[in-house]
Amino acid sequence: MDVFKAAAQRARTHGDVLSLAAGQPSTSAPAPVLRAAREALDAHVLGYTETLGTLPLREAIARHHAHEAGIPVHADDVVVTTGSSGAFTLLFLAAFDVGDTVVMARPGYPAYRNTLAALGCRVVELDCGIESRFQPTVAMLDALPEPPAGLIIASPANPTGTIIDAGELAAIARWCEQHGTLLISDEIYHGISYGDARTSSAWETSKESVVIGSVSKYFSMTGWRLGWMLLPWTLHRAVERLASNMTVCPPAISQVAAIAAFTEESRTELDAHVRRYAVNRTILLDGLAAGGITDLAPADGAFYAYADIGHLTQDSRAWCENVLATTGVALAPGVDFDTVAGNHTVRFSFAGTTEHMREALARLAPALRAQGG
Ligand SMILES: Cc1ncc(COP(=O)(O)O)c(C=O)c1O
């Protein structure tokens, strides 16, 4: 957020900012969603909805998962939330008590850590490196002093973009079932992967796990604030009671319009975005390699490249500030995602336009050379 603030300031004073910092698509919702939203304004009252989401949307989400993962999923399994961020808060409150231990990967998405800490949970970070594609493994879980109350995994991950091996995910899901650990599988970047990389879902192995989804990434609808969970029955009532108190329901217009996100027409538009991300990814990885930045997490999915820039700096925040000041390119410093080793890492987002990606690389090249020597 500090980077966004500095970038906004730079945009005001210089008007030349290219952001490779934002973790969101640069495009609007797909055309069928926009049409449905316009129609909804005239045709619907748009008052409160059912707390757990409207039935037509829950049915559309269930069909989507059943199709993607090849497993039976019912509308009753789906709980719609205010972004996946809303799902995390509800779930953590429903599933964990103060003092419970919840495990996650480091580097990882900082909001897990911050929200859990705010709720009084004990966060244990697994030091994940290139050997495990920056993902937790069963061996790491076996090495814990005792089974934790919860484990959060994300695949494709933020900030690394790495995808967990399907066999390892299944083994982790079984381990969690056997040890009474609630597995929370953040699958909000599903639909965005490259080459032969394939995502799989925790629900393919265990319906005792929680799958987290969102319209924010593949569906290009961040500001519509809709997410969801595939939730085991044991947690439904607690989540429903919390949600009815905390938000009443997710945004009504987003729920009505989002049904159109799960159509063939939307998919065609959204898949074109993924093809653009793939082009941008190649431009970025080639440009970084040319600039001497070669120590990267395998960018299997999402729209991130996470790089070690230890030869350039041991203070990623200051380095990013300097890059912004000298080039107008905004990057996300690794310290946001990794409080131990993030002082020498940086995250590049390639969710923007291809033109911007080329321009950003052209601007970064002399800066990398100048600073890298
Ligand atoms: C891994 C991960 N999970 C969850 C979120 C939250 O997304 P939203 O609340 O928009 O669904 C993000 C946002 O960047 C993310 O990267």
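This is a short walk through a predicted model, taking in its ligand site, two helix pairs and a few unusual backbone spots.

Let's start at the ligand. There are 14 residues around the ligand, and Ser85, Asn158, Asp186, Ser214 and Ser216 come nearest. Three side chains offer an N or O atom to an oxygen atom of the ligand. For Tyr189 the distance is 2.7 Å, and for Ser214 it is also 2.7 Å. In the case of Arg225, the pair lies 2.8 Å apart. Ser214 is therefore a good residue to keep on screen, because it is among the residues that come nearest to the ligand and its side chain has an N or O atom within 3.5 Å of a ligand oxygen, which counts as a polar contact.

Asn158 leads us from the ligand to the backbone. This residue is one of those that come nearest to the ligand, and it is joined to Pro159 by a cis peptide bond with omega about 15°. Pro159 sits in the loop that runs between strand S5 (150–154) and helix H7 (166–179). A cis bond is also found from Arg106 to Pro107, where omega is near 5°. Here the proline belongs to the loop between strand S3 (101–106) and H5.

From that loop, follow the chain into helix H5 (residues 110–118), and look across to helix H4 (residues 83–95): their axes come within 10 Å and cross at roughly 40°. H4 and H5 are therefore oblique to each other, and H4 passes H5 in a right-handed crossing. On the H4 side, Phe88, Thr89 and Phe92 take part, meeting Tyr112, Thr115 and Leu116 of H5. By class, the residues of this contact are four nonpolar and two polar, with no charged ones. Ser85, one of the residues that come nearest to the ligand, has a number that falls within the range of H4, residues 83–95.

Now turn to another pair, helix H2 (residues 31–43) and helix H10 (residues 264–290), whose axes are 8 Å apart and make an angle of about 130°. That angle makes H2 oblique to H10. Ala31, Pro32, Val33 and Arg35 of H2 make the contact with Glu265, Ser266 and Glu269 of H10. Sorted by class, the contact of H2 with H10 has three nonpolar, one polar and three charged residues.

One last backbone stop is Arg133, which has a positive phi of about 55° although it is not a glycine. You will find Arg133 in the loop between strand S4 (122–127) and helix H6 (138–142).

Terms used:
Residues are numbered from 1 along each chain as its sequence is written. This is a predicted model: local features need pLDDT of at least 70, side-chain atom pairs count only at pLDDT 80 or more; totals for chains, interfaces and linings use all residues. Side-chain values use heavy atoms; hydrogens and water are left out. Axes are lines fitted to C-alpha atoms, for helices over the stretch in contact, and angles run from 0 to 180 degrees between N-to-C directions. Helices (H or I, at least four residues) and strands (E, at least two) are DSSP runs, numbered from the N terminus. Angles under 35 degrees count as roughly parallel, over 145 as roughly antiparallel, 65 to 115 as roughly perpendicular and the rest as oblique. A crossing is left-handed if the near helix is turned anticlockwise from the far one by less than a right angle, and right-handed if clockwise. Contact means heavy atoms within 4.5 Å. Ala, Val, Leu, Ile, Met, Phe, Trp, Tyr, Cys and Pro count as nonpolar, Asp, Glu, Lys and Arg as charged, and the others, Gly among them, as polar. A residue is near a molecule or strand if one of its heavy atoms lies within 4 Å of it. A polar contact is a pair of N or O atoms within 3.5 Å; within protein, one must be able to donate a hydrogen and the other to accept it, and residues adjacent in sequence count only if both atoms are side-chain atoms.
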